[in-house]
Amino acid sequence: MSEITNIALDAMGGDNAPAEMVKGAVDAAGKEPAMKVFLIGREEAVKRELAKYQYNKAQIEVIHASEVIETAEPPVNAIRKKKDSSIVTGMKMVREGRADAFVSAGSSGAILVGGQVLVGRIKGVERPPLASLIPTKKGVSLLLDCGANVDARASHLVQFAKMGSIYMEHVLGVKKPSVGIVNIGAEEEKGNALVKETFPLLKEEKDIHFTGSVEAREIPHGQTDVVVCEAFAGNIILKLYEGVGAVLISKVKEGLMSTLRSKIGAVLIKPALKATLKTFDASEYGGAPLLGLNGLVVKTHGSAKAKEVSNTLIQCVTFKRQKINEKIRECIQADTVSVE
């Protein structure tokens, strides 16, 4: 039997908590027997939702946490003052080794701060990036950083490229993943000061397959497997991606329902269209891990529903089985030794 992956899930985080968090946990446990989920939150509310389902009692346990960190709260103060919040409780479980991973759809700021302060960085990791899978014409690419470090340095981006390559190879199975740095043109001499400083460093790296610059319009085509940038650009790319995708899907559906002829056509193409649109559904790809920590911390969308939560929990099992943290630690520490 496979080793059990213990996952702490913030049952109170996000727009649809606790109902969708609980449903996602039950769905994931039904699909993956080598998983135990700790639902962290206000016990009465969580158990009320849990009572609606049939599930393996050995796979799901409720951990009471009386406080909730709201999205608008200052992250540092919230982490410091709300010791009994679902986010702090879950992060402490990871730090203490009682959980292999922590998943939350709650406050991004609190998750980023808590990840670094409570769980801690792997020795040698300068900044942990948020890494999000985005759909492309060829499948998916990994975009990092998409939200953690808006003022990154060149050395940070080099580490992002290495950690992203490890993730794509061992979680997604992409052999020798290509790496590109977000730029305003393909030429090496283009870009801002950060890109110009980082480009030659990435070219020199032997641990990655660097292919040069990638313009934003080429990202949806899947030009590179790993898309590297600082979080200011990365978050804009991600949010624009999600917004354009939602509008396009809405307009396609609107067009198909506009006339009797289009409605008849819609019936004929529905199976193929549904399969195509599914590939652009963010919930299919799980959450965004904060790479480079001593334990796994994953942020899902604030609007996450059961399917995204379930996929994220299963994603955590793969992360552990493939020993991603161990591989990142080996890579970063090897660099530290070579520098010394």
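1. Lys323 lies in the loop between α10 and α11. Helices here are DSSP runs of H or I with at least four residues, strands are runs of E with at least two, and both are numbered from the N terminus. The phi of Lys323 is near 55 degrees, a positive value in a residue other than glycine. Lys323 follows just after α10. At 45% relative accessibility, Lys323 counts as partly exposed. The classes are buried under 20% relative accessible area, exposed over 50%, and partly exposed in between, with a 1.4 Å probe and protein chains only.

2. A note on the source. This is a predicted model, in which local features need pLDDT of at least 70 and side-chain atom pairs count only at pLDDT 80 or more, while totals for chains, interfaces and linings use all residues. Residues are numbered from 1 along each chain as its sequence is written, and side-chain values use heavy atoms, with hydrogens and water left out.

3. Helix α10 covers residues 306-321. Its 16 residues should span 22 Å at 1.5 Å a residue, and its end C-alpha atoms are 23 Å apart, which agrees. The expected span is 1.5 Å times one less than the number of residues. Buried residues of α10 include Ala306, Val309, Leu313, Cys316, Val317 and Phe319. Polar or charged residues are also buried there, among them Glu308, Asn311 and Gln315. Nonpolar means Ala, Val, Leu, Ile, Met, Phe, Trp, Tyr, Cys and Pro; charged means Asp, Glu, Lys and Arg; the others, Gly among them, count as polar.

4. The second largest pocket holds about 350 Å³ of space. It has 20 lining residues, and the closest to its centre are Asp100, Phe319, Lys320, Asn325 and Glu326. Two elements, α10 and α11 (324-339), give two or more residues to the lining. The most comes from α10, with five residues. The lining divides into eight nonpolar, six polar and six charged residues. On a 1 Å grid over the protein atoms alone, a pocket is an open set of points where a 1.4 Å probe fits, with protein on both sides within 12 Å along at least five of seven lines; lining residues have an atom within 4 Å of a point. Points are joined across faces, edges and corners, and the volume is the space filled by probe spheres set on them.

5. Helix α5 (residues 108-119) has twelve residues. From its first C-alpha to its last it reaches 15 Å, close to the 16 Å expected at 1.5 Å a residue. Its buried residues are Ala110, Ile111, Leu112, Gly114, Gly115, Leu118 and Val119. What covers them includes α3 (75-81), α4 (86-95), β4 (101-104) and β11 (296-299). Contact means heavy atoms within 4.5 Å. Just after α5, Gly120 takes a positive phi of about 90 degrees.

6. Lys176 also deserves a check. Its phi is positive, about 50 degrees, although Lys176 is not a glycine. Lys176 sits in the loop between α6 and β7 (178-182). With a relative accessible area of 61%, Lys176 is exposed.

7. Two cis peptide bonds should be noted. One joins Ala17 and Pro18, with omega about -5 degrees. Pro18 is in the loop between β1 (5-10) and α1 (19-31). Another joins Leu144 and Asp145, with omega about 10 degrees. Asp145 is in the loop between β6 (139-144) and α6 (154-170).

8. Thr224 is in the loop between β8 (209-214) and β9 (226-228). At 2% relative accessibility, Thr224 counts as buried. Leaving out residues up to four places away in sequence, Thr224 touches Ser141, Ser178, Val179, Gly180, Thr211 and Val214. Its side chain reaches the backbone oxygen of Val226 at 3.5 Å. A polar contact is a pair of N or O atoms within 3.5 Å; within protein, one must be able to donate a hydrogen and the other to accept it, and residues adjacent in sequence count only if both atoms are side-chain atoms.

9. His64 is in strand β3 (residues 60-64). At 41% relative accessibility, His64 counts as partly exposed. Beyond its neighbours within four places in sequence, His64 is in contact with Gly41, Arg42, Glu43 and Asp84. A polar atom of the His64 side chain lies 3.1 Å from the backbone nitrogen of Glu43.
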